[in-house]
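User: I should like a close look at the open and enclosed spaces in this protein, beginning with the main pocket. Please explain what surrounds each space and how the neighbouring parts of the chain are packed.

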Amino acid sequence: MDKNKLVFSGVQPTGNLHLGNYLGALKNFVALQDQTKCIYCVVDLHAITVFQDPKDLKNNILETTAGFLATGLDNKKSIIFNQSAVSGHAELAWIFNCVARVGWLNRMTQFKEKAGKEKEKASVGLYIYPNLMAADILLYKATHVPVGADQKQHLELCRDIAQKFNNDFKKNIFPIPEPLIQKNISRVMSLRDGTKKMSKSDESDYSRIDLKDTADDIIKKIKKAKSDTSSIPDNLKDLEKKPEALNLINIYSDLSEMSLEQVLNEVRGKDYSYLKNKLSEVLIEVICPVGKKIKNLLEDKSYLEKVLREGTEKARNLAVHNIKEVRNAVGFI
Ligand code: TYM
């Protein structure tokens, strides 16, 4: 256990967890919990930056918690809780709203993508979302943050906020947290368009593998996945020109724990149907047991609520101490 390292990360409870969440984030969360103290948060305050039906939100909070446990997080090793239950997140986010600069937020590409042409109609919460994310991390003085590549810019903003706060108040309160981004597969792409990331919000179910998909769903989705008309290239340079093929091979490489070169040796010159069969097999082997566990865990909602309650207690104890220090630095009585 590394005592100087504290890991924090969060996942939004906005629908089904998918393969991108698993390979980009959750798999890494699980590996880290044996090395260091980890805090994993179901970020329900972030979820409401886009309207959520309250009933759906309640279910999704529990389902995301079930997803954490089903992929291998252990609530005896890691702190697992939901964000809105610890008021320090919102309190520190407000202070950070006054530290972060408008120009910094204007540069956030995710806001531009999410708000699209309807920028004027987006919630203010969606705009200042990265400040809340910085508050999540810094409320616990976390030093390392495992995320997918899509969150890198938000992490950079968090580092800027930590630095500016320390400078403004002339106190070295916050560490400057490091992103931990998977090297092999930091961005799982859509199965329908290899230039877009796999995402919960994509309208097409065929664009993603959900952790609750059955073996039949997986076979169907991989069969329909966009690939290429020619056979599989025999070198990385050519493969990189074919984003859909590269994505399928990246996923296969990660799940089967083979390097890209090893996979290319196996599949070069073959038809995509060969790769797709192999990929479906390994997906079924890895994902279906997780999906079954999620469904089982959801049968006992009171257990999931208890996990969150116990995690909240632990998170609160850490947060209370740090928020006191911040309030004092700012000059609050
Ligand atoms: P969210 O809920 O969109 O996604 C959860 C995690 O999954 C990763 N991810 C992906 N990784 C690879 N390929 C993909 N296609 C893919 N899609 C999603 C995300 O990078 C993320 O790590 N803002 C965050 C939640 C958050 C947070 C935090 C994270 C709130 N506070 C503090 C870290 C620290 C988000 O919306 O993740």
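Analyst: In this predicted model, the largest pocket is lined by 46 residues, and those nearest its centre are Q110, K114, D150, Q151 and K197. Its volume is about 1300 Å³. Several elements each give at least two residues to this lining: β1 (2-11), α1 (19-32), α2 (44-47), α6, α8, β4 (144-146) and α9 (152-168). The largest share, five residues, comes from α1. By class, the lining of the largest pocket holds 17 nonpolar, 20 polar and nine charged residues.

Helix α1 deserves a further remark, and N21 is found in this helix. Is N21 buried or exposed? With a relative accessible area of 17%, N21 is buried, because the term applies to residues under 20%. Setting aside neighbours within four places in sequence, N21 is in contact with N16, L26 and K200.

The second largest pocket has a volume of about 250 Å³. Its lining consists of 14 residues, of which K3, K5, L6, K37 and Y140 lie nearest the centre. Three elements, β1, β2 (36-42) and α15 (301-330), each supply at least two residues of this lining. Strand β1 provides the largest share, namely five residues. Strand β1 also supplies at least two residues of the lining of the largest pocket. In the second largest pocket, the lining divides into four nonpolar, five polar and five charged residues.

We now turn from pockets to cavities. As a general principle, rolling a probe the size of a water molecule over the atoms shows where empty space is left. How many cavities of 30 Å³ or more does a search of the whole structure find? The search finds two.

The largest cavity contains about 60 Å³ of space. Its lining is made up of M108, Q110, F111, K114, L126, Y127, Y129, P130 and H154. Two of these residues, Q110 and K114, are also among those nearest the centre of the largest pocket. Helices α6 (109-115), α7 (124-127) and α8 (129-138) each supply at least two residues of the cavity lining, and the largest share, three residues, comes from α6. The lining of this cavity has six nonpolar, two polar and one charged residues.

Helix α8 is mostly covered, for 10 of its 10 residues are buried. Among them are Y129 and P130, which also line the largest cavity. Other buried residues of α8 include N131, D136, A135 and L138.

The second largest cavity holds about 50 Å³ of space. Around this cavity stand G15, N16, L17, E63, T64, L211, K212 and I294. One of these residues, N16, is also in contact with N21. The classes in this lining are three nonpolar, three polar and two charged residues.

The position of the second largest cavity can be understood from the division of the protein chain into domain 1 (2-186 + 301-330) and domain 2 (205-296). The C-alpha centres of the two domains lie 30 Å apart, and the contact takes 15 residues from domain 1 and 15 residues from domain 2. Why does the second largest cavity lie between the domains? Both domain 1 and domain 2 give residues to its lining, so the cavity lies between them.

The nonpolar packing completes the account. In soluble globular proteins, nonpolar side chains tend to be buried together. Here the largest nonpolar core has 60 residues, and those with the most contacts inside it are L19, F68, I249, I251 and L283. Helix α14 (residues 272-298) gives the most to this core, with 11 residues. Both domains give residues to this core, so the core lies between domain 1 and domain 2. L19 illustrates the packing: not counting residues up to four places away in sequence, L19 touches G24, V188, M198, I209, L211, I251, L283 and I287. Apart from this core lies another, of 45 residues, which includes A135, L138, V326 and A329. Of these, A135 and L138 are also among the buried residues of α8.

Definitions and conventions: Residues are numbered from 1 along each chain as its sequence is written. This is a predicted model: local features need pLDDT of at least 70, side-chain atom pairs count only at pLDDT 80 or more; totals for chains, interfaces and linings use all residues. Side-chain values use heavy atoms; hydrogens and water are left out. On a 1 Å grid over the protein atoms alone, a cavity is a set of points where a 1.4 Å probe fits but cannot get out, and a pocket is an open set with protein on both sides within 12 Å along at least five of seven lines; lining residues have an atom within 4 Å of a point. Grid points are joined across faces, edges and corners, and a volume is the space filled by probe spheres set on the points. Helices (H or I, at least four residues) and strands (E, at least two) are DSSP runs, numbered from the N terminus. Ala, Val, Leu, Ile, Met, Phe, Trp, Tyr, Cys and Pro count as nonpolar, Asp, Glu, Lys and Arg as charged, and the others, Gly among them, as polar. Domain bounds come from an automatic or database domain assignment. A nonpolar core is a set of buried Ala, Val, Leu, Ile, Met, Phe, Trp, Tyr and Cys residues joined through side-chain atoms within 4.5 Å. Buried means under 20% relative accessible area, exposed over 50%, partly exposed in between (1.4 Å probe, protein chains only). Contact means heavy atoms within 4.5 Å.
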